[in-house]
Amino acid sequence: MLRIADLNLEQNSQEISGLLEEHSRRMDDSIPPYEREVISLAAYEGDTYVGGITGDMVWKILNVHLLAVDPTYRGNGLGGILLKELEDRARSRGCKVSELTTMSWQAPRFYQKLGYEVFGEIHDCPQEGQTKYYLKKSLE
């Protein structure tokens, strides 16, 4: 009998990855393993945390997950410095493209100024009048 149950994220991710790896090998044995490498960077002013960025790399793609800067440090280029450092580290590990998502009230123009281009949108998300943007940038 089929049963659906809660499973902790780490264990479930390992199980899902195993199934996906098996499927990929059956479809094309030249596809490299799905190995994720995480990068997590923090910016400090003295001992004070003022911003950070996280991302991971899989199959030569950098996925930018989180980027935030303390409001008192915004507008001084720190976000761009963090993003560039993340991109540089990913590029040095062979990544060819960076991708991310952002919301209309967050930072689509910020990312576009740094070379990202919109390749997809979901309108009225999470509510009417707002948009989720998908952006990418070549790292080559």
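**Surface patch, core and salt bridges of the predicted model**

Ile31, Tyr34 and Trp59 make a nonpolar surface patch of about 270 Å². The model is a predicted one. Within the patch, Trp59 sits in the loop between strand 2 and strand 3. Its relative accessible area is 41%, so Trp59 ranks as partly exposed.

The interior was examined next. The largest nonpolar core comprises 22 residues. Those with the most contacts inside this core are Ile53, Leu62, Val64, Leu86, Tyr111 and Tyr116. At least two core residues come from each of strand 1 (37-45), strand 2 (48-58), strand 3 (61-69), helix 2 (78-92) and strand 6 (131-138). Helix 2 gives the largest share, five residues. Tyr111 has contacts with residues well outside its own stretch of sequence. Neighbours within four places aside, Tyr111 is in contact with Leu67, Leu83, Leu100, Thr102, Tyr116 and Leu135.

Helix 2 has 15 residues. From first to last C-alpha, helix 2 reaches 21 Å, close to the 21 Å expected at 1.5 Å a residue. Its buried residues are Leu78, Gly79, Gly80, Leu82, Leu83, Leu86, Glu87 and Ala90. The cover over these buried residues includes strand 1, strand 2, strand 3, helix 3 (108-113) and strand 6. Gly94 follows helix 2 and has a positive phi, near 95°.

Ala43 provides a view from strand 1. The relative accessibility of Ala43 is 12%, below the 20% limit, so this residue counts as buried. Neighbours within four places in sequence aside, the contacts of Ala43 are Thr48, Tyr49, Val50, Gly51, Leu78 and Leu82. Of these contacts, Leu78 and Leu82 are among the buried residues of helix 2. Ala43 and Glu140 are 97 residues apart along the chain, and their C-alpha atoms are separated by 26 Å.

Charged pairs were then surveyed. The whole structure holds eight salt bridges. Side chains of opposite charge can pair when their charged atoms come close. One of the bridges joins Glu22 and Arg26, with the closest N and O atoms 3.0 Å apart. Both residues lie in helix 1 (residues 9-27), four residues apart, about one turn of the helix. Glu22 is partly exposed at 39% relative accessibility, whereas Arg26 is exposed at 58%.

A salt bridge also links the side chains of Asp56 and Arg36, at 2.5 Å from N to O. Asp56 belongs to strand 2 and Arg36 to the loop between helix 1 and strand 1, so the pair ties together parts 20 residues apart in sequence. Asp56 is buried, with 6% relative accessibility. Arg36 is partly exposed, at 44%.

Helix 2 carries a salt bridge between the side chains of Glu85 and Arg89 (2.7 Å, N to O). These two residues are four residues apart in helix 2, a separation of about one helical turn. An α-helix has 3.6 residues a turn, so residues three or four places apart point the same way. Glu85 is partly exposed at 33% relative accessibility. Arg89 is likewise partly exposed, with a relative accessible area of 34%. Lys84, Asp88 and Arg91 are joined into one network by salt bridges that share partners.

Notes:
Residues are numbered from 1 along each chain as its sequence is written. This is a predicted model: local features need pLDDT of at least 70, side-chain atom pairs count only at pLDDT 80 or more; totals for chains, interfaces and linings use all residues. Side-chain values use heavy atoms; hydrogens and water are left out. A nonpolar core is a set of buried Ala, Val, Leu, Ile, Met, Phe, Trp, Tyr and Cys residues joined through side-chain atoms within 4.5 Å. Buried means under 20% relative accessible area, exposed over 50%, partly exposed in between (1.4 Å probe, protein chains only). Contact means heavy atoms within 4.5 Å. Patches are made of residues with over 30% relative accessible area and no salt bridge: like charges are joined within 9 Å, nonpolar side chains (Val, Leu, Ile, Met, Phe, Trp, Tyr) within 5 Å. Accessible areas come from the Shrake-Rupley method with a 1.4 Å probe; for residues, only the protein chains shown count as cover. A salt bridge is a side-chain nitrogen of Lys or Arg within 4 Å of a carboxyl oxygen of Asp or Glu. The expected span of a helix is 1.5 Å times one less than its number of residues.
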